[in-house]
Amino acid sequence: MTSITLLLIAFGLALAGWLAARARAWSFQRETDARRLAARPNYHGWYVALWIAVPLLAFTVLWSLIEPALILQSVLASPAAQSLPAFGFERDAILAEAKAAAISGNLSLFNPAAESLVAPYVQAIQKYRLIGIGVAAAIALVAGTFSFLRVKPDFTARTRVERTVMIVLLLASLVAILTTFGIFASLVFETVRFFGMVSPIDFLFGTFWGPDPMSNPDNPDPTRYGAIPLFWGTIYIGAIIAMIVAIPLGLMSAIYLTQYADPRVRAWLKPALEILAGVPTVVYGYFAALTVAPAIRDAAVAVGISSASSESALAAGVVMGVMIIPFVSSMADDSIAAVPSAMRDGSLALGATTSETIRRVIVPAALPGIVGGVMLAISRAIGETMIVVMAAGAAANLTANPLEAMTTVTFQIVAMLTGEGSFDHPATLSAFALGLVLFLVTLALNFVALRVVKRFREAYE
Amino acid sequence: MSDAVINETGMAPTRTEAFRKRLERRYASERRFKLAGLSAVLISVAVLIFLLGNMTYNGLGGFQRAELEVTIDFPASGISGDASTLTEEGGLQALQIQGLPDVVAFYAEQSLGAEAAAGVSDEAWRDVAAQLIDNPQLLQGSHTFSLPATDNLASGLKNEGSAEMQALADRLEAEGKLSSNFDPGFLARADATSPQKVGIWGALKGSILTMIVTLLLAFPIGVLAALYLEEYAPKNRWTDLIEVSINNLAAVPSIIFGLLGLAVFLWMFPNFRSAPLIGGMTLALMTMPVIVISGRNAIKAVPPSIRDGALAIGASPVQVVFHHVLPLALPGILTGTIIGMARALGETAPLLMIGMRAFVASPPDGFTSPATVLPVQIFLWSDEIDRGFVERTSAAIIILLLFLLLMNGLAIYLRNKFEKKW
């Protein structure tokens, strides 16, 4: 690989530049002991090393992008390429095989047509490798000489190196913006393509979900792309069943641990609860599918509900609720801790019992924070994937019966993108539209929740 | 009881019967409330214990496999070789050419009888070959090998398979020829189609390679971004935008990162589908905000006097941060990094999106070869119909949880060790 060679060259030359510049700076210090250097010798070294490394790295990136195209061009120009099929899959396969053979040196080829192309490939790869290394050496020489000549006793190398450091720091923090932008752009781009085939109204308000990845992509049936059942399944599992489990257990745990528990007991129980949050979701999913779902079905059959499905919204929701408990409890813990102790003490001094104080003073005072925490928990639950993938089932049902299989947005994203469908098919693209909806909803929930929590915190300060 | 009597102070009676009853009700409700709180905690902990116990109970069987005792008399079999010919690379092929598979099948029939010999896995000769390559001395005499049984016989041993297999397994077990033994190969093999042959090493290696990529990308970027935002960033709209997007990214569902990886990274590098490189890049974007947020808290905790002291003796702002603040904040940053990495290690959904769910039967060679990771392996095995996979899946879960426990333990140790009061 040329790019790895180039990287090694870059680092080698940069190191050489660093050593040379540092040695030269030391020699200044010895020769002109009357005058002090404007920067320590190490900084001179770094200055030269950066001047060599940065352009070389930029060139390496650029070269790794354009080199394959140049090689391909040169191979296609060779006489052996005349016999290739005009275009399409077969041509690509032949070219790829010839290239692999040229790189690995392994000449046992599957496709005889590729054989004559190996030699042009070897030539082209060698030619462009030499060109690449030559250009890199030239860049290093020019940049290195230029920067090395600037190494003088009164040259302020440090400020220049530090300016580069600041740029690197700024770039690192821009990665977050870039990622957000990348997420948004990729989701929107694919969603727009999807909405070109299926109208947003059919998608957002239709009540039947049943995309067929094998159907003709040019003529999709918009009535099969109604996402309402998915939204309902997501809300039912993540925001209703899971919260019925998580809110009482989480809130009561937080109250017990902050108001009643002995500090030594709390020191053990709180981390134990937090372990629940650290268990990977695939483990919860397995637990839900293997243990909880059959148990729920057996229980339902035992009480006479014969229609109970082995994949149920209840199993997924309950296990998801368990997963969310530590999250709710730590958010509630924080907002209870933020209630001024004067309010609690005042209530107790008036003769209220501890539970009355908690129910009538502390919880109402902490309520905005608790509500914010619950909203964050909901946003986490509706974005959760593995539990529903493993336990909730694939059937898009618009029902309130928790014993039936139900499907969610995240389940369908996984199902649509891990299938065999092509990337231009509306069934595949619908996953991105679902992803966009999920992204926007969780973002809105988080945003509002954080505002609520923040607003509430300020009230007592 | 003289409730109606007015006491000496002349006040209205308080200790009336009604008062006492009310008080008792209030105390009872107090007790109930406290009990409800306690049971909420206990239910949560009980679920955790049940979950872990369930996995351990199921999983311990996953570290074992059913093995049949087969005695092979090598001098009589005509197989030859020594340390020089039975090398790592050529040994397996040399033994195959000499007819080792047939020899193993023949002696299986000799040792076990025709009916039971069919219970020896077809690939069992590879186990024999591996042992011969390790120790060519075995060829000098006869030796008893424990060879993997077929899936049918293995489930018969667990009283799950067909009736005749159960009978056969019971008979062989009574004769001492069939037993469940600890299977060290489970930690050394990769994915396979039969539960008797699968191993976890392929997925574990994939996880390790993926984590290396994640760490190499997320740690420097996260730390540098945290330094910039905490130490240098001016208060303006751009900084706010960076802050908001970092906080948002920390709350974005993980599957969305998978969609990003699919749309952007696989578009940029279409040849590296299901490679640890792409998986690591995707997880790095997810882990980076966690590192930035914990890093900022750690940097904030370094007292300003350290910075002022360094500035006062002439250090530049960059020197202050890299020589003084960063070393002091590093333990805190590391703790946050380990926690973020633990989360990334257990993450499944984004990796499904970028195609790491492929069947990969050999451990990955490097960052660009197809691989799978532990949680995805668990997901894939959980889909298998064969009952033998249930135990294997739980065993893989035990290994994953052990790794997570180890990482979290390390994070807690670091936090306690470097906890400072300034």
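# Notebook: the A/B contact and selected side chains

**Entry 1. Interface.** I began with charged pairs across the interface and found that the count between chain B and chain A is one salt bridge. The model under study is a predicted one. I looked up the partners of that bridge: Glu356(A) is joined to Arg26(B), and their closest N and O atoms are 2.9 Å apart. I then asked which element of chain B supplies the largest share of the side that touches chain A. The element is helix α1 (residues 17-60) of chain B, with 21 residues. By class, I recorded 50 nonpolar, 14 polar and four charged residues on the side of chain B that touches chain A.

I next noted the extent of the contact. Chain B contributes 68 residues and chain A contributes 71 residues. Between them the two chains bury about 6100 Å², and 80% of this area is on carbon and sulfur atoms. For polar contacts across the interface of chain B and chain A, I recorded 12 residue pairs, with both residues at pLDDT 80 or more.

**Entry 2. Aromatic pairs.** Over all chains, I recorded 19 aromatic pairs. I examined one of them, Phe194(A) with Tyr225(A), which is edge-to-face, with 5.7 Å from centre to centre and 65° between the planes. I asked which parts of chain A this pair ties together. Phe194(A) belongs to helix α5 (residues 157-197) of chain A, and Tyr225(A) to the loop between α6 (200-205) and α7 (228-260), so the pair ties together parts that are 31 residues apart in sequence.

I checked whether each ring is buried or exposed. Phe194(A) is buried, because its relative accessibility is 0% and the cut-off for buried is under 20%. Tyr225(A) is likewise buried, at 2% relative accessibility. I also followed the ring pairs outward: they link Phe194(A) and Tyr225(A) with Phe195(A), Phe203(A), Trp209(A) and Phe231(A) in a cluster.

**Entry 3. His425(A).** I located His425(A) in the loop between α14 (409-417) and α15 (426-459) of chain A. His425(A) is buried, with a relative accessible area of 2%. I asked which residues His425(A) contacts beyond its neighbours within four places in sequence. They are Asp212(A), Pro213(A), Ser215(A), Asn216(A), Pro217(A) and Tyr225(A). Tyr225(A) also appears in Entry 2, where I listed it in the ring cluster. I noted in addition that a polar atom of the His425(A) side chain lies 2.9 Å from the backbone nitrogen of Ala427(A).

**Entry 4. Salt bridges in chain A.** Over all chains, the structure holds 19 salt bridges. In chain A, I looked up Glu162(A) and Arg158(A), whose side chains meet in a salt bridge at 3.6 Å, N to O. Both residues lie in helix α5 of chain A, four residues apart, about one turn of the helix. Glu162(A) is buried at 9% relative accessibility, whereas Arg158(A) is partly exposed at 27%.

I then looked up Asp298(A), which forms a salt bridge with Arg297(A), the closest N and O atoms being 3.5 Å apart. Asp298(A) is partly exposed at 45% relative accessibility, and Arg297(A) is partly exposed at 28%.

**Entry 5. Salt bridges in chain B.** In chain B, I recorded a salt bridge between Arg307(B) and Glu231(B), at 2.8 Å from N to O. This pair links distant parts of the chain, 76 residues apart: Arg307(B) is in helix α13 (residues 304-312) and Glu231(B) in helix α9 (residues 201-232) of chain B. Arg307(B) counts as buried, at 15% relative accessibility, while Glu231(B) is partly exposed, at 21%. I also noted a network of salt bridges that links Arg65(B), Glu67(B), Asp183(B), Arg189(B) and Arg392(B).

**Entry 6. Glu109(B).** I placed Glu109(B) in helix α4 (residues 100-112) of chain B. Glu109(B) is partly exposed, with 45% relative accessibility. I asked which residues Glu109(B) touches, not counting those up to four places away in sequence. They are Ala114(B) and Ala117(B). Finally, I recorded the separation from Tyr228(B), 119 residues apart from Glu109(B) along the chain: their C-alpha atoms are separated by 72 Å.

Note on methods:
Residues numbered from 1 in each chain as written. Chains lettered and ligands numbered in written order. Predicted model: local features only at pLDDT ≥ 70, side-chain atom pairs only at ≥ 80, totals over all residues. Heavy atoms only, no water. Contact = heavy atoms within 4.5 Å. Buried area = accessible area lost by both parts, 1.4 Å probe. Salt bridge = Lys/Arg side-chain N within 4 Å of Asp/Glu carboxyl O. Polar contact = N/O pair within 3.5 Å; in protein donor to acceptor, adjacent residues only side chain to side chain. Helix = DSSP H or I, 4+ residues; strand = E, 2+ residues; numbered from the N terminus. Nonpolar A, V, L, I, M, F, W, Y, C, P; charged D, E, K, R; others polar. Phe/Tyr/Trp six-rings, centres within 6.5 Å; stacked < 30°, edge-to-face > 60°. Buried < 20%, exposed > 50% of the residue type's maximum accessible area, 1.4 Å probe, protein only.
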